[in-house]
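Please open the structure in a viewer and keep the sequence panel visible. The tour below proceeds by selections, each followed by a short account of what is found there.

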Amino acid sequence: MEMQYIINRINEGNSTVVVDGAHFNQFNFQELPNSSIIFQENCLKKLVTYIKNTRNYKKEYGCFLYGKVIANNTIYIEDFGIDFASEKINVQPTKENVEELKQKVNLYNTKGRQYDCVVHFHTHPNLESSGYLPKQISDQDLFAYGILQNNFQLSNMGITYYIGCLMSDSSNGIQMSCVYYDNTGENFYLIQDLFYEDSKKQIKKIDFNNFDIVETRRWNFKPFYK
Ligand SMILES: [Zn+2]
């Protein structure tokens, strides 16, 4: 399976196409140069709740998050939307999610657009026993991120950047990855550095190698849900 196959499906623009399998490891993608994402504390708290539920109920959770490109390849995320609709295991954005997205990316403040960046976030449960590789992003996920970048440019005030974010549960713990589809160069990139901003406005690295939702003492940042 070549990446070009998925990019061709993205360029066809038919969002109902199903692309099967998980052929690519996003951690091997080329890094978007000097890229980072900073999640505001409340947003990270939301993601932690999702992954806890994912572990408890063995199904996916997700939502859109919203933010702004604050410097070259640096994104600050400060808001999140309603939950994606849950099917048996998978989640899908619904009409309500998309309507909310349209409203949010058209918000303005005194400095212009409030949000020009949308994170498509979802979790993958640990289904290793069924041969499922939780670390690996699915082809359908990549396809969805590409469709968003190509087909969901909603504002006349400039480009909206869509980031795909996956948090997965595995026997090795929790992992999180963020990818960006550059539709000008037709390539997927990994955004390597993930931070959060605490209530004192301190920026701290999220180290998901040590992320553990069972033994909170092993977290390298303070658990939010105490
Ligand atoms: Zn997925």
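The tour goes from the whole chain to a set of paired strands and then to the core.

Begin with the entire protein chain, bearing in mind that this is a predicted model. The chain has four helices and 13 strands. Of its 226 residues, 34% count as buried. Among contacts with a separation of 6 or more, 66% are accounted for by residues 24 or more positions apart.

Next, select strand 2 (residues 62–71) together with strand 3 (residues 74–83). These two run antiparallel and are joined by seven bridges. Within this pairing, tyrosine 66 has aspartate 79 of strand 3 as its bridge partner. Now move to the turn: strand 2 and strand 3 form a hairpin with two residues between them. Asparagine 73, located in that turn, has a positive phi of about 60°.

Keep strand 3 selected and add strand 1, residues 36–40. Here the pairing is in the parallel sense, over four bridges. Isoleucine 37 stands opposite isoleucine 75 in strand 3.

Then turn to the interior. Which residues touch the most other members of the largest nonpolar core? They are Leu65, Ile77 and Ile163, in a core of 51 residues. In soluble globular proteins, nonpolar side chains tend to be buried together.

Finally, centre the view on isoleucine 163. Neighbours within four places in sequence left aside, isoleucine 163 is in contact with Ile37 and Ile75, the pair visited above, and also with Cys117, Val119, Cys178, Tyr180 and Ile191.

Notes: Residues numbered from 1 in each chain as written. Predicted model: local features only at pLDDT ≥ 70, side-chain atom pairs only at ≥ 80, totals over all residues. Core = buried A, V, L, I, M, F, W, Y, C linked by C-beta atoms within 7 Å. Buried ≥ 20, exposed ≤ 12 C-beta atoms within 10 Å, placed from the backbone. Contact = placed C-beta atoms within 7 Å. Pairing = 2+ DSSP bridges.
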